Amino acid sequence: MKVLGIGDNVVDKYVHLNLMYPGGNAVNFSVFSKKLGVDAAFMGTFGNDQEARHVEQVLQELQIDVSRCRHFDGENGCARVTLENGDRVFLGSNEGGVTRMYPLQLTEDDKAYIRNFAVMHTGLYSHTGHLLPELTQLGVPLSFDFSDDFEEEQVDKYIGYADFAFFSCSHLTDEAAQDYIRSKWAGGNQLIIATRGSSRSMAYDGTRFYFQEPMVVEAVDTMGAGDSYIAAFLIHCLREKNVQAAMIEGSRFAAESCLVEGSFGYGVPYN
């Protein structure tokens, strides 16, 4: 199995530690998938600063294929964060840096490359919304992360392109989350999955709901927990064709990722 993350890469600057960690939804998906034993690639845009060099170097060290990435002059994606009782708290960002400034455009070679993957994953922070019509023509299942600050206009615009749609719904009650994802189901074989922090996750296939309680750990850092759930869920769902088993694996791997600083470690001091 080969999987592809398309879109954002950032460094998360932990202001209380003066350390920056590589991350971003698409990068995290690729790294976590690699940790789960599958071949993984990342397609995105790097700046030309210290932050970009660190992320790209770590991805190369982890043997993530970055051969289709672009490079531009400018700031790499960057966010400032801190921790409160192990929970990440975002303090601000440059909204993707060069990823936002130079939207990814696909060549015919890119499209031929993408067709080799079992699944591709992107999301709201990846600045790839303009690519969804093209991506869905390539015959590869598409996963899309709406994260936790989705707006209705965005959801309605993008949901129909997603074979797997993920929402972070810890701000909703169990009943409200069920009502919401049921209302957004776009038909066909689409699966909508809602993670809810320390409350049970849920998935909806248009006919029935599936539920899974989280695995409780003493969290060191919750950064990347949702992305680790997504990676484990997708890999196991595609392999086993079993939604419940995929949710169990997602919960297990998300708990494991909460024991690591940053999304997946590799923190270095920043200027």
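These are my notebook entries on one chain, from the whole fold down to a single glycine.

**Entry 1: the whole chain**

I began by noting that this is a predicted model. I then listed the secondary structure and found nine helices and 14 strands in the chain. Next I looked up the radius of gyration, which is 17 Å, close to the 18 Å that the globule rule gives for 271 residues, so the chain is as compact as a globular protein of that length. I also noted the box filled by the C-alpha atoms, roughly 50 × 45 × 35 Å along the principal axes.

How much of the chain counts as buried? I found 55% of the 271 residues. For contacts with a separation of 6 or more, I noted that 66% come from residues 24 or more positions apart.

**Entry 2: surface and charge**

I looked up the accessible surface, and it comes to about 11,700 Å². Carbon and sulfur atoms hold 46% of that surface. The chain has 21 positive and 37 negative charges, and I noted that their mean positions lie 5 Å apart.

**Entry 3: strand 2**

I turned to strand 2, residues 10-14, and asked which strands it pairs with. Strand 3 (residues 19-23) runs antiparallel to strand 2, and five bridges join them. In this pairing I found Val 11 opposite Pro 22. The two strands form a hairpin with four residues between them, and I noted a positive phi of about 55 degrees for Asn 18 in the turn.

The other partner I noted is strand 6 (residues 77-84), which pairs with strand 2 in the parallel sense, again over five bridges. Here Tyr 14 stands opposite Val 81.

Why do I call strand 2 largely enclosed by the rest of the structure? Because five of its five residues are buried, under 20% relative accessible area. I checked the faces too, since in a regular strand the side chains alternate between the two faces of the sheet. On one side of strand 2 I found Val 10, Asp 12 and Tyr 14, and on the other Val 11 and Lys 13, all buried.

**Entry 4: Gly 96**

Last, I looked up where Gly 96 sits, and found it in the loop between strand 7 (87-93) and helix 3 (98-101). Is this loop residue buried or exposed? Gly 96 has a relative accessible area of 14%, and because the cut-off for buried is under 20%, Gly 96 counts as buried.

Leaving out residues up to four places away in sequence, I found that Gly 96 touches Asn 76, Gly 77 and His 127. I also noted Asp 8, which is 88 residues from Gly 96 in sequence but 6.9 Å away in space, C-alpha to C-alpha.

Notes: Residues are numbered from 1 along each chain as its sequence is written. This is a predicted model: local features need pLDDT of at least 70, side-chain atom pairs count only at pLDDT 80 or more; totals for chains, interfaces and linings use all residues. Side-chain values use heavy atoms; hydrogens and water are left out. Buried means under 20% relative accessible area, exposed over 50%, partly exposed in between (1.4 Å probe, protein chains only). Contact means heavy atoms within 4.5 Å. Two strands pair if DSSP finds at least two bridges between them. The radius of gyration is taken over C-alpha atoms; the globule rule is 2.2 Å times the number of residues to the power 0.38. Accessible areas come from the Shrake-Rupley method with a 1.4 Å probe; for residues, only the protein chains shown count as cover. Lys and Arg count as positive and Asp and Glu as negative; His and the chain ends are not counted. The place of a charge is taken as NZ of Lys, CZ of Arg, CG of Asp or CD of Glu.
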